[in-house]
Amino acid sequence: MSITTAPTSSSAATAREVLDAAFPSGLGAFVDGRVATGSGDSITLTAAATGESFATYADPGAEGANAILESSTAGAAVWGRLNGFERAAILRDVSRAVEQHAEELAILESATTGKPIRDARAEAAKVAEMFGYYAGWADKLTGQTIPVPGNWHTYTERVPWGVVVAITPWNAPLFTAGWNSAAPLAAGNAVIIKPSEFTPASSVRLAQIAHEAGLPAGVFNVAAGLGQTVGAALTTDTRVGKVSFIGSVPTGRRVAVAAAQAGIPALLELGGKSANIVFADADLDRAADGAISAIFSGAGQSCVAGSRLLVERSVHAQFVEMVAAKAARLRVGDPLSADTEVGPIITAQQFATVTGLIEAGMDDGGRRLTGSALPEALSGALKGGHWVMPTLLDGVTPENRLETTEVFGPVVGADAFDTEAEAIARANNTNFGLAGAVWTSDVSRAHHVAREVKAGTFWINSYKTIHVAVPFGGFGDSGHGRSSGPGVLDEYTQTKAVWVPTRAAGSPFPSLSY
């Protein structure tokens with residue numbers, strides 16, 4: 001790719017230029033070490049910052065899905081025969097290659113998805129870290145020797161599933177491609193990433209870089225295409241050992257049911273409606289910064305977004321004013337500008353969902369405390385983008401639709417509470433259980449609230465920090481299983497028990513004894 005310096009502004013022409021530089025022969029699936037253009041339905045890509053179409057590519061269809069599975073099955077056999085030390089060495093090379101190509105990947109991500117370049121750069125660096133972290137685990141997957149009665153030497157081995165299909169979302173395609181490939185690769189599996197059809201480019205380029213760094217052909221494929229065709233084929237084919245899915249609850253459930261009917265287990269990381277609880281004794285300025293980061297980074301397009309803000313009544317009015325004032329200072333603008341802090345909603349469909357839910361929240365009694373007018377910087381072609389200004393609605397009571405509905409946009413609903421018990425009850429007033437936070441100077445209260453709120457990740461006096469070394473996942477409608485940390489290697493291996501007699505045993509049947 002020749003573009004390693006970020007263009008100065010977003011447009012359909014810019015996105016097309018960046019895409020053409022990355023894929024001179026056209027965008028397609030990455031199969032068996034090369035980019036393969038499809039022959040199915042045409043898929044149009046749209047620049048989120050302008051609303052303009054900038055490219056098309058073809059769906060692989062059923063024939064393409066079969067080719068990907070054949071490649072991955074062969075790749076799994078090759079990769080699985082390597083020992084952990086060999087895999088670790090290659091994954092370290094992949095980590096270094098991603099680091100070397102980080103700026104290129106960030107530009108491609110920003111130009112084709114509308115993610116602010118500052119965020120894309122941070123995520124590209126995290127992807128390099130993911131491969132480095134799991135490279136360190138590849139040669140440490142050990143079994144156990146288990147004492148049992150009798151004359152036996154009994155031990156276990158960790159066996160890869162073979163082919164793992166990872167379905168990733170449009171909000172962070174590069175980050176989730178790394179998050180969902182590094183661990184299964186370390187465990188000895190071949191991986192097929194099925195990105196959203198709206199944002200496939202960075203995932204394809206990541207796989208290409210990994211192949212160039214030494215991953216054998218077929219070990220890391222990318223099925224760029226439609227969910228109802230290639231996605232459906234990959235999640236129901238018995239050549240697949242396991243499926244992981246990041247996305248919405250309804251789609252995740254459909255994927256899990258379809259996979260289960262084919263006998264394929266699934267790891268699910270779904271949505272959230274996370275509560276950010278602020279007590280009067282907190283450092284309010286720091287908590288306000290945390291509330292801003294919790295919901296407005298990534299334009300709220302995050303499963304762990306702190307989309308419910310629960311504030312102790314004695315400081316409620318003061319605190320929501322602080323948050324509203326800070327939100328007004330956020331720089332909303334061109335994703336390719338290094339100054340931009342909040343970008344557009346990535347898809348037109350999600351833009352319509354977010355704006356509709358803001359209206360629903362106000363219809364149900366929420367009071368908007370932040371402005372909706374676009375800044376002057378969003379002029380010209382940028383006026384046509386999927387822009388939603390950082391939105392704070394106060395008075396979002398339990399009866400409001402925003403209390404339990406995931407918006408997946410830069411929208412936070414605030415309300416007051418009187419007691420610790422009430423705050424905990426409100427935080428748990430949802431079927432989701434992905435994340436949450438508490439802000440307080442009372443250490444005992446902090447730990448009590450952290451224990452009582454039903455969430456897979458919980459922060460005390462902070463928000464939204466995650467790391468590949470720490471388990472991540474949810475309770476309830478937020479999914480099951482954990483997608484990171486050392487324990488995820490258990491998700492991507494099966495345990496085999498081996499029994500070896502240490503002394504010849506007599507026949508179990510008297511009639512065969514001599």
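**Exercises on a predicted model**

The buried residues of helix 11 pack against strand 11 (275-278), strand 12 (308-312), helix 12 (313-329), strand 14 (391-394), strand 15 (411-417) and strand 17 (435-439). The model is predicted.

**Exercise 1.** Check the length of helix 11 (residues 284-296) against its expected span, then list its buried residues and find what follows the helix.

Solution. Helix 11 has 13 residues, and at 1.5 Å a residue these should span 18 Å. The C-alpha atoms at its ends lie 18 Å apart, so the two values agree. The buried residues of helix 11 are Leu 284, Ala 287, Ala 288, Gly 290, Ala 291, Ile 292, Ala 294, Ile 295 and Phe 296. After helix 11 comes Gly 298, with a positive phi near 70°.

**Exercise 2.** Describe how helix 1 (residues 12-22) and helix 4 (residues 102-113) pack.

Solution. Two packed helices are described by the angle between their axes and the distance between the axes. For helix 1 and helix 4 the angle is about 135° and the axes are 9 Å apart. An angle over 145 degrees would count as roughly antiparallel, and 65 to 115 as roughly perpendicular; helix 1 and helix 4 are therefore oblique to each other. Their crossing is left-handed. Helix 1 contributes Ala 15, Val 18, Leu 19 and Ala 22 to the contact, and helix 4 contributes Ile 107, Leu 108, Ala 111 and Thr 112. By class, this contact has 7 nonpolar residues, 1 polar and no charged ones.

**Exercise 3.** Locate Thr 168 and decide whether it is buried or exposed.

Solution. Thr 168 sits in the loop between strand 6 (163-167) and helix 6 (173-179). Its relative accessibility is 3%, so Thr 168 counts as buried. Leaving aside neighbours within four places in sequence, its contacts include Thr 176, Asn 180, Lys 194 and Ile 246.

Note on methods:
Residues numbered from 1 in each chain as written. Predicted model: local features only at pLDDT ≥ 70, side-chain atom pairs only at ≥ 80, totals over all residues. Heavy atoms only, no water. Helix = DSSP H or I, 4+ residues; strand = E, 2+ residues; numbered from the N terminus. Expected span 1.5 Å × (residues − 1). Buried < 20%, exposed > 50% of the residue type's maximum accessible area, 1.4 Å probe, protein only. Contact = heavy atoms within 4.5 Å. Axes fitted to C-alpha atoms, helices over the stretch in contact; angles between N-to-C directions. Parallel < 35°, antiparallel > 145°, perpendicular 65-115°, else oblique. Left-handed = near helix turned anticlockwise from the far one by under 90°. Nonpolar A, V, L, I, M, F, W, Y, C, P; charged D, E, K, R; others polar.
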